[in-house]
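Thanks, everyone. I have one structure today, and I will talk about its nonpolar cores and two of its helices.

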Amino acid sequence: MKTIEYNQDANAGFSASDCSPVQFQVLDLFSGIGGFALATEWAGGRTMAFCELAEYPARVLKARWPEIPNLKDVTKLCRRAYDCEPNPDDPDAVWCPRCDADFGDCACIGTDEFTDTHGFPDVIAGGVPCQPASLVGQRRGTADERWLWPDTLRIIGELRPRYCILENPRAILTLENGNAFRGVLAAFARLGYDVQWDCVSAAALGAGHRRERLWILASDADSPRLEGHAGNGEAGGRTEARGHPAAQNLRERTITTPLWYHQSGIQPVVNGLPGGVVKDQLTAIGNSLVPQVAHVWLRAIAQQYETQNRNQTHPG
(Lines give C-alpha, C1' and ligand atoms only; values in the text may rest on other atoms or scores of the structure.)
Protein backbone atom coordinates (compact mmCIF):
# COMPACT_ATOMS: atom_id res chain seq x y z
CA MET A 1 0.00 0.00 0.00
CA LYS A 2 1.46 3.35 -0.98
CA THR A 3 0.57 6.85 0.09
CA ILE A 4 -0.36 9.31 -2.61
CA GLU A 5 1.88 12.36 -2.48
CA TYR A 6 0.10 15.68 -2.88
CA ASN A 7 1.52 18.96 -4.09
CA GLN A 8 -1.22 21.30 -2.95
CA ASP A 9 -1.32 25.06 -2.87
CA ALA A 10 -0.64 26.55 0.55
CA ASN A 11 -4.26 27.62 0.97
CA ALA A 12 -5.75 24.29 -0.04
CA GLY A 13 -6.36 23.12 3.51
CA PHE A 14 -5.13 19.72 2.39
CA SER A 15 -1.53 18.62 2.83
CA ALA A 16 0.52 15.51 2.29
CA SER A 17 0.22 14.70 5.97
CA ASP A 18 -3.56 14.41 5.53
CA CYS A 19 -3.20 11.58 3.03
CA SER A 20 -4.09 8.05 4.01
CA PRO A 21 -2.97 4.82 2.34
CA VAL A 22 -4.75 4.01 -0.87
CA GLN A 23 -8.28 2.93 0.00
CA PHE A 24 -9.74 2.14 -3.42
CA GLN A 25 -8.76 1.28 -6.99
CA VAL A 26 -10.24 2.86 -10.12
CA LEU A 27 -10.49 1.47 -13.64
CA ASP A 28 -10.48 4.58 -15.83
CA LEU A 29 -12.38 4.10 -19.11
CA PHE A 30 -12.23 6.64 -21.96
CA SER A 31 -9.42 8.22 -19.97
CA GLY A 32 -8.71 11.23 -22.17
CA ILE A 33 -5.89 13.34 -20.71
CA GLY A 34 -6.41 12.12 -17.15
CA GLY A 35 -9.17 14.15 -15.53
CA PHE A 36 -10.42 11.20 -13.50
CA ALA A 37 -6.84 10.16 -12.68
CA LEU A 38 -6.14 13.56 -11.13
CA ALA A 39 -9.35 13.42 -9.11
CA THR A 40 -8.51 9.88 -7.98
CA GLU A 41 -5.09 10.98 -6.73
CA TRP A 42 -6.59 13.92 -4.87
CA ALA A 43 -9.07 11.59 -3.17
CA GLY A 44 -6.33 9.15 -2.11
CA GLY A 45 -7.18 6.38 -4.58
CA ARG A 46 -5.16 4.60 -7.23
CA THR A 47 -5.83 4.30 -10.95
CA MET A 48 -5.18 0.65 -11.81
CA ALA A 49 -5.42 1.02 -15.60
CA PHE A 50 -6.38 3.46 -18.34
CA CYS A 51 -8.38 2.73 -21.48
CA GLU A 52 -7.66 5.40 -24.08
CA LEU A 53 -7.39 4.68 -27.79
CA ALA A 54 -6.77 8.18 -29.23
CA GLU A 55 -3.09 8.79 -29.92
CA TYR A 56 -2.57 12.28 -28.45
CA PRO A 57 -4.35 11.71 -25.10
CA ALA A 58 -2.58 8.34 -24.80
CA ARG A 59 0.76 10.14 -25.12
CA VAL A 60 -0.28 12.59 -22.39
CA LEU A 61 -1.22 9.71 -20.08
CA LYS A 62 2.08 7.95 -20.71
CA ALA A 63 4.01 11.13 -19.97
CA ARG A 64 2.09 11.94 -16.79
CA TRP A 65 1.48 8.43 -15.42
CA PRO A 66 4.12 6.19 -17.01
CA GLU A 67 3.57 3.42 -14.44
CA ILE A 68 -0.14 2.97 -15.21
CA PRO A 69 -0.92 0.62 -18.14
CA ASN A 70 -3.13 1.80 -20.97
CA LEU A 71 -5.36 -1.04 -22.20
CA LYS A 72 -6.55 1.22 -25.03
CA ASP A 73 -9.70 -0.17 -26.67
CA VAL A 74 -12.72 -0.41 -24.39
CA THR A 75 -14.56 -2.57 -26.94
CA LYS A 76 -11.86 -5.25 -26.57
CA LEU A 77 -11.71 -5.23 -22.77
CA CYS A 78 -13.19 -7.99 -20.58
CA ARG A 79 -14.36 -10.13 -23.47
CA ARG A 80 -15.40 -13.76 -23.27
CA ALA A 81 -15.71 -16.50 -25.85
CA TYR A 82 -19.49 -16.15 -25.93
CA ASP A 83 -19.03 -12.63 -27.30
CA CYS A 84 -17.63 -14.18 -30.46
CA GLU A 85 -19.00 -16.09 -33.42
CA PRO A 86 -18.58 -19.73 -34.47
CA ASN A 87 -15.64 -20.30 -36.79
CA PRO A 88 -17.00 -22.06 -39.89
CA ASP A 89 -13.54 -23.43 -40.68
CA ASP A 90 -12.89 -24.86 -37.21
CA PRO A 91 -15.74 -26.19 -35.05
CA ASP A 92 -13.49 -26.10 -31.96
CA ALA A 93 -12.71 -22.38 -32.31
CA VAL A 94 -14.62 -19.12 -32.12
CA TRP A 95 -14.04 -16.08 -34.29
CA CYS A 96 -13.58 -12.58 -32.87
CA PRO A 97 -15.29 -10.09 -35.20
CA ARG A 98 -13.56 -7.14 -33.51
CA CYS A 99 -10.07 -8.40 -34.33
CA ASP A 100 -10.89 -10.61 -37.33
CA ALA A 101 -9.03 -13.50 -35.73
CA ASP A 102 -9.57 -16.58 -33.59
CA PHE A 103 -10.53 -15.52 -30.08
CA GLY A 104 -7.47 -17.19 -28.57
CA ASP A 105 -5.18 -15.25 -30.90
CA CYS A 106 -6.97 -11.89 -30.99
CA ALA A 107 -6.08 -8.65 -29.23
CA CYS A 108 -9.04 -8.77 -26.83
CA ILE A 109 -8.34 -8.87 -23.09
CA GLY A 110 -10.44 -11.52 -21.39
CA THR A 111 -12.11 -10.85 -18.05
CA ASP A 112 -10.02 -13.50 -16.27
CA GLU A 113 -6.85 -12.17 -17.87
CA PHE A 114 -7.67 -8.68 -16.65
CA THR A 115 -8.48 -9.70 -13.07
CA ASP A 116 -5.49 -12.04 -12.82
CA THR A 117 -3.22 -9.16 -13.83
CA HIS A 118 -4.86 -6.15 -12.20
CA GLY A 119 -7.39 -7.44 -9.67
CA PHE A 120 -10.92 -6.09 -9.36
CA PRO A 121 -11.67 -2.37 -9.38
CA ASP A 122 -13.59 -0.75 -6.55
CA VAL A 123 -14.71 2.01 -8.91
CA ILE A 124 -15.21 2.20 -12.67
CA ALA A 125 -15.06 5.78 -13.93
CA GLY A 126 -15.26 7.28 -17.37
CA GLY A 127 -16.44 10.03 -19.64
CA VAL A 128 -18.36 7.94 -22.17
CA PRO A 129 -17.90 9.42 -25.70
CA CYS A 130 -20.15 12.43 -26.05
CA GLN A 131 -20.52 12.69 -29.83
CA PRO A 132 -23.68 10.54 -30.17
CA ALA A 133 -25.56 12.78 -27.73
CA SER A 134 -23.93 16.20 -28.10
CA LEU A 135 -25.97 19.09 -29.46
CA VAL A 136 -22.90 20.07 -31.49
CA GLY A 137 -23.05 16.86 -33.57
CA GLN A 138 -25.70 14.99 -35.54
CA ARG A 139 -27.10 13.26 -32.42
CA ARG A 140 -27.27 9.84 -34.04
CA GLY A 141 -27.63 8.33 -30.59
CA THR A 142 -27.73 4.57 -30.32
CA ALA A 143 -27.19 4.26 -34.09
CA ASP A 144 -23.79 5.96 -33.81
CA GLU A 145 -20.79 3.62 -33.78
CA ARG A 146 -19.40 5.79 -30.98
CA TRP A 147 -22.38 4.93 -28.73
CA LEU A 148 -20.27 2.93 -26.29
CA TRP A 149 -22.67 2.67 -23.38
CA PRO A 150 -23.27 -1.04 -24.11
CA ASP A 151 -19.54 -1.77 -23.79
CA THR A 152 -19.30 0.36 -20.66
CA LEU A 153 -22.17 -1.52 -19.04
CA ARG A 154 -20.81 -4.87 -20.22
CA ILE A 155 -17.49 -4.18 -18.46
CA ILE A 156 -19.32 -3.07 -15.31
CA GLY A 157 -21.29 -6.33 -15.39
CA GLU A 158 -18.10 -8.37 -15.78
CA LEU A 159 -16.07 -6.66 -13.04
CA ARG A 160 -18.88 -5.69 -10.61
CA PRO A 161 -17.29 -2.61 -9.00
CA ARG A 162 -18.87 -1.18 -5.86
CA TYR A 163 -19.28 2.22 -7.48
CA CYS A 164 -19.42 3.74 -10.96
CA ILE A 165 -18.95 7.41 -11.82
CA LEU A 166 -19.77 8.32 -15.42
CA GLU A 167 -19.97 11.64 -17.27
CA ASN A 168 -21.82 12.72 -20.43
CA PRO A 169 -23.40 15.80 -22.01
CA ARG A 170 -26.70 16.77 -20.41
CA ALA A 171 -28.23 16.46 -23.91
CA ILE A 172 -28.30 12.67 -23.44
CA LEU A 173 -31.40 13.23 -21.28
CA THR A 174 -33.43 14.21 -24.37
CA LEU A 175 -31.72 11.94 -26.89
CA GLU A 176 -34.23 9.85 -28.83
CA ASN A 177 -37.05 11.40 -26.81
CA GLY A 178 -35.37 10.28 -23.61
CA ASN A 179 -35.36 6.61 -24.61
CA ALA A 180 -31.58 6.40 -24.90
CA PHE A 181 -31.00 7.46 -21.30
CA ARG A 182 -33.88 5.32 -20.06
CA GLY A 183 -32.13 2.39 -21.73
CA VAL A 184 -28.93 3.16 -19.81
CA LEU A 185 -30.84 3.30 -16.51
CA ALA A 186 -32.66 0.05 -17.30
CA ALA A 187 -29.34 -1.67 -18.01
CA PHE A 188 -27.95 -0.52 -14.65
CA ALA A 189 -31.09 -1.83 -12.95
CA ARG A 190 -30.68 -5.24 -14.60
CA LEU A 191 -27.14 -5.35 -13.23
CA GLY A 192 -28.46 -4.61 -9.73
CA TYR A 193 -27.11 -1.07 -9.37
CA ASP A 194 -28.82 1.85 -7.70
CA VAL A 195 -28.34 5.00 -9.80
CA GLN A 196 -28.35 8.70 -8.98
CA TRP A 197 -27.75 11.42 -11.54
CA ASP A 198 -27.71 15.17 -11.84
CA CYS A 199 -26.44 17.95 -14.10
CA VAL A 200 -23.46 19.76 -12.57
CA SER A 201 -21.70 22.85 -13.87
CA ALA A 202 -18.01 23.49 -13.43
CA ALA A 203 -19.07 26.89 -12.10
CA ALA A 204 -20.31 25.13 -8.96
CA LEU A 205 -16.64 24.44 -8.16
CA GLY A 206 -15.62 28.02 -8.90
CA ALA A 207 -14.72 27.72 -12.58
CA GLY A 208 -15.02 30.73 -14.84
CA HIS A 209 -17.21 28.79 -17.27
CA ARG A 210 -20.28 26.57 -16.99
CA ARG A 211 -19.30 23.34 -18.76
CA GLU A 212 -22.49 21.66 -17.61
CA ARG A 213 -22.42 17.87 -17.69
CA LEU A 214 -24.58 14.96 -16.59
CA TRP A 215 -22.94 12.91 -13.83
CA ILE A 216 -24.14 9.38 -13.08
CA LEU A 217 -23.34 7.74 -9.73
CA ALA A 218 -24.12 4.04 -9.41
CA SER A 219 -23.65 1.85 -6.34
CA ASP A 220 -24.11 -1.89 -5.99
CA ALA A 221 -26.63 -3.45 -3.64
CA ASP A 222 -24.05 -3.92 -0.86
CA SER A 223 -22.71 -0.36 -0.88
CA PRO A 224 -24.27 2.78 0.60
CA ARG A 225 -25.53 5.52 -1.67
CA LEU A 226 -23.40 8.65 -1.72
CA GLU A 227 -25.96 10.63 0.22
CA GLY A 228 -25.06 13.97 1.74
CA HIS A 229 -22.46 14.69 -0.92
CA ALA A 230 -24.61 16.66 -3.33
CA GLY A 231 -23.08 19.99 -2.46
CA ASN A 232 -25.97 20.99 -0.20
CA GLY A 233 -23.93 23.48 1.80
CA GLU A 234 -22.18 21.11 4.18
CA ALA A 235 -18.81 22.16 2.79
CA GLY A 236 -18.82 25.45 4.66
CA GLY A 237 -15.83 27.61 3.82
CA ARG A 238 -13.41 24.80 3.07
CA THR A 239 -11.28 24.57 -0.03
CA GLU A 240 -10.63 21.43 -1.99
CA ALA A 241 -7.75 20.02 -4.01
CA ARG A 242 -5.50 22.57 -5.69
CA GLY A 243 -7.03 25.33 -3.60
CA HIS A 244 -10.36 25.49 -5.43
CA PRO A 245 -13.47 26.12 -3.32
CA ALA A 246 -15.65 23.27 -2.13
CA ALA A 247 -19.07 23.32 -3.75
CA GLN A 248 -21.78 24.95 -1.68
CA ASN A 249 -24.42 23.72 -4.09
CA LEU A 250 -23.64 21.45 -7.02
CA ARG A 251 -26.70 22.76 -8.82
CA GLU A 252 -25.22 26.25 -8.88
CA ARG A 253 -24.73 27.47 -12.43
CA THR A 254 -23.80 31.10 -11.82
CA ILE A 255 -20.25 32.03 -12.79
CA THR A 256 -18.78 33.77 -9.76
CA THR A 257 -15.16 34.16 -10.84
CA PRO A 258 -13.68 35.50 -14.09
CA LEU A 259 -10.57 33.32 -14.07
CA TRP A 260 -10.06 29.96 -12.41
CA TYR A 261 -6.63 29.14 -13.79
CA HIS A 262 -3.51 30.76 -15.19
CA GLN A 263 -3.81 31.31 -18.92
CA SER A 264 -0.86 29.99 -20.92
CA GLY A 265 1.33 32.64 -22.44
CA ILE A 266 1.56 30.59 -25.64
CA GLN A 267 -1.21 31.66 -28.00
CA PRO A 268 -2.57 29.27 -30.64
CA VAL A 269 -1.73 31.70 -33.43
CA VAL A 270 1.89 32.23 -32.44
CA ASN A 271 4.19 32.03 -35.44
CA GLY A 272 5.82 28.62 -35.78
CA LEU A 273 3.45 26.63 -33.53
CA PRO A 274 2.31 23.59 -35.56
CA GLY A 275 -1.42 23.65 -36.28
CA GLY A 276 -1.71 19.95 -35.49
CA VAL A 277 -0.45 20.53 -31.95
CA VAL A 278 -3.07 23.19 -31.34
CA LYS A 279 -5.82 21.00 -32.78
CA ASP A 280 -4.80 17.99 -30.67
CA GLN A 281 -4.66 20.07 -27.50
CA LEU A 282 -7.99 21.80 -28.07
CA THR A 283 -9.69 18.51 -28.95
CA ALA A 284 -8.29 16.81 -25.84
CA ILE A 285 -9.34 19.68 -23.59
CA GLY A 286 -12.78 19.83 -25.20
CA ASN A 287 -13.29 16.13 -24.58
CA SER A 288 -11.96 16.27 -21.04
CA LEU A 289 -13.88 16.56 -17.79
CA VAL A 290 -13.38 18.87 -14.82
CA PRO A 291 -11.45 16.85 -12.20
CA GLN A 292 -12.63 19.07 -9.35
CA VAL A 293 -16.21 17.93 -10.00
CA ALA A 294 -15.23 14.24 -10.14
CA HIS A 295 -13.28 14.71 -6.93
CA VAL A 296 -16.47 15.51 -5.01
CA TRP A 297 -17.71 11.92 -5.39
CA LEU A 298 -14.35 10.21 -5.32
CA ARG A 299 -13.72 11.92 -1.99
CA ALA A 300 -17.10 10.66 -0.79
CA ILE A 301 -16.12 7.12 -1.81
CA ALA A 302 -12.82 7.51 0.05
CA GLN A 303 -14.76 8.54 3.15
CA GLN A 304 -16.90 5.41 2.87
CA TYR A 305 -13.77 3.25 2.82
CA GLU A 306 -12.22 5.16 5.73
CA THR A 307 -15.39 4.64 7.78
CA GLN A 308 -15.45 0.97 6.88
CA ASN A 309 -11.80 0.53 7.89
CA ARG A 310 -12.37 2.32 11.20
CA ASN A 311 -15.34 0.08 11.99
CA GLN A 312 -13.30 -3.01 11.21
CA THR A 313 -10.40 -1.80 13.33
CA HIS A 314 -12.57 -0.61 16.22
CA PRO A 315 -15.78 -2.64 16.10
CA GLY A 316 -18.61 -1.45 18.31
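I will start with the cores and then go through the helices. Keep in mind that this is a predicted model.

The largest nonpolar core has 38 residues, and those touching the most other members are Leu 27, Leu 29, Leu 77, Phe 114, Ile 155 and Phe 188. Elements giving two or more residues to this core include strands E1, E2 and E3, and helices H4 and H5. H5 gives the most, with six residues. There is also a second, separate core of 29 residues, with Tyr 163, Ala 207, Leu 217 and Val 296 among them.

Back to Leu 29. Leaving out residues up to four places away in sequence, Leu 29 touches Cys 51, Val 74, Leu 77, Ile 124, Ala 125, Gly 126, Gly 127, Thr 152 and Ile 155.

Now H5. Which residues of H5 are buried? They are Ala 180, Phe 181, Val 184, Leu 185, Ala 187 and Phe 188. Seen down the helix axis, the buried residues of H5 fall within an arc of 155°, so they line one face. They pack against H4, E9, E10 and E11. The face turned away from that buried side carries exposed Ala 189 and Arg 190. After H5 comes Gly 192, with a positive phi near 90°.

H2 covers residues 55–64, and its buried residues are Pro 57, Ala 58 and Leu 61. Viewed down the axis of H2, these fall within an arc of 100°, so they also line one face of their helix. E2 is part of what covers them. On the face of H2 turned away from its buried side, Glu 55, Lys 62 and Ala 63 are exposed.

Conventions
Residues are numbered from 1 along each chain as its sequence is written. This is a predicted model: local features need pLDDT of at least 70, side-chain atom pairs count only at pLDDT 80 or more; totals for chains, interfaces and linings use all residues. Side-chain values use heavy atoms; hydrogens and water are left out. A nonpolar core is a set of buried Ala, Val, Leu, Ile, Met, Phe, Trp, Tyr and Cys residues joined through side-chain atoms within 4.5 Å. Buried means under 20% relative accessible area, exposed over 50%, partly exposed in between (1.4 Å probe, protein chains only). Helices (H or I, at least four residues) and strands (E, at least two) are DSSP runs, numbered from the N terminus. Contact means heavy atoms within 4.5 Å. The arc is that of the directions from the helix axis to the C-beta atoms.
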